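Hi,

Here is the structure I said I would pass on. Have a look at it first, and my notes on what turned up are just below.

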Amino acid sequence: MKIGSEVRNCFLLVVLLGTLSAATLGQNTASEHLKRGNEHYRNQNYTQAIASFSEAIRLSPRSPEPWFNRGQARYYSGDVRTSIGDFQQATALNPNYVDAWFQLGLARNKTGDNAGAIAAYTRGLSIASGDSQLYYNRGIAYADSGRDDLALADYNRALQINANYTKAFVNRGAVHYRAKRYDAALADLNRAIELDPGYAEAWNNRAVLYNTTNRSQLALQDLDQAIKLDPTLKKPHLDKAIAYNKLGRNSEAIESLNNAIKLDPKYVSAYIFRAAVYFDTRKFDLSKADAEQVLRLDPKNKFAADLLTKIAAQPR
């Protein structure tokens, strides 16, 4: 149910605020490389942006901004691990660089280094204690570490700072959901949808809650809305299948799973659930085909392996 980390584009502030003047860099050519890099970045030409920022770093290695900007370009090009070194260098050169601490936390969290992300966000908060996004992202890192109590405290703090922080309501709702505090979870998801009726993931999360609490008809209504808002999302189709299955409407469940797989032909969870529905409806050949596909995608999947054993034991 969790919504991902907040991303903020602090990159262009470098040019707009004029912080990278020739005087700051000590090299007019370094400033020009920064400007060219910014243009490449705006156009999502990340390879060229990285080259320009690298040249600016060569000419003015003690300036934190080109390190930060190169880290941004690397991060958004998909080279997240390498971006970490650039963000670290930016914070070493300017220990009060809040945006660099923010992005360092984001990159570390994305690579699975939750402890490192928490440390970076905490350092940022020591400089900017009123930054709701830092609290929100640290909450995600705590949740990813299995420390929901600390995640809850950070989401609460983020909402104290920004009472209309939709994503914080959604993620706080997820913490309540995992703790089976379903009324509190529902209140948070209702508030998120009230704040942003176009937020498809909030509708999807409320549907998951409705499915869990045996209100599958309400879940279907929310899932239809989520799909209407964002037809590219695959998970609402899986959750629709779960709702239909709970209601005994298995042909519609299969149709929803087909739609999920059309959106993502490698969607393991959809194949698993479709295999289970086929098994329960005694369509063993179809169940077997889906279980085998799961094992092609995820060779260590125990559910699929066990299901194949059960299928083999069925009288024909």
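Alanine 141 touches Asn109, Asn114, Ala117 and Ile118, once you set aside residues up to four places away in sequence. One of those partners, alanine 117, sits 24 residues away along the chain, yet the two C-alpha atoms are separated by 6.5 Å. You can find alanine 141 in helix H9, which covers residues 132–144. Is alanine 141 buried or exposed? Its relative accessibility is 0%, and because buried means under 20%, alanine 141 counts as buried.

Before you read further, please keep in mind that this is a predicted model.

Now the overall picture. The protein chain has 19 helices and 0 strands. Its C-alpha atoms fill a box of roughly 80 × 40 × 35 Å, taken along the principal axes. Of the 316 residues in the chain, 50% are buried. The accessible surface comes to about 14,700 Å², and carbon and sulfur atoms account for 50% of that. As for contacts between residues at least 6 apart in sequence, 53% of them join residues at least 24 apart. I also looked at charge: there are 41 positive and 32 negative charges, and their mean positions are 3 Å apart.

What about the nonpolar interior? The largest nonpolar core has 77 residues, and Tyr136 and Tyr155 are the ones with the most contacts inside it. There is also a second, separate core of 8 residues, with Tyr41, Ile50, Phe53 and Ala73 among them.

The helix I'd point you to is H17, which runs over residues 268–280. With 13 residues, H17 reaches 18 Å from its first C-alpha to its last, close to the 18 Å expected at 1.5 Å a residue. Why call H17 largely enclosed by the rest of the structure? Because 10 of its 13 residues are buried. If you want to click through them, the buried residues are Val268, Ala270, Tyr271, Ile272, Arg274, Ala275, Ala276, Val277, Tyr278 and Phe279. Which helices do those buried residues pack against? They pack against H15 (235–246), H16 (250–263), H18 (284–297) and H19 (302–312). After H17 comes arginine 282, whose phi is positive, near 65°.

Two other spots are worth a click.

The first is threonine 91, in helix H6 (residues 80–93). Threonine 91 has a relative accessibility of 6%, so it counts as buried. Leaving out neighbours within four places in sequence, threonine 91 is in contact with Ala100 and Trp101.

The second is leucine 229, which belongs to helix H14 (residues 216–229). Leucine 229 counts as partly exposed because its relative accessibility is 34%. Which residues does leucine 229 touch, not counting those up to four places away in sequence? The list is Pro197, Gly198, Tyr199, Ala200 and Trp203. Glycine 198 is 31 residues away from leucine 229 along the chain, and their C-alpha atoms are separated by 6.4 Å.

That's the tour. Shout if anything looks odd when you open the file.

Cheers

Conventions
Residues numbered from 1 in each chain as written. Predicted model: local features only at pLDDT ≥ 70, side-chain atom pairs only at ≥ 80, totals over all residues. Heavy atoms only, no water. Helix = DSSP H or I, 4+ residues; strand = E, 2+ residues; numbered from the N terminus. Buried < 20%, exposed > 50% of the residue type's maximum accessible area, 1.4 Å probe, protein only. Contact = heavy atoms within 4.5 Å. Areas by Shrake-Rupley, 256 points an atom, 1.4 Å probe, with all protein chains shown as cover. Lys, Arg positive; Asp, Glu negative; His and termini not counted. Charge placed at Lys NZ, Arg CZ, Asp CG, Glu CD. Expected span 1.5 Å × (residues − 1). Core = buried A, V, L, I, M, F, W, Y, C linked by side-chain atoms within 4.5 Å.
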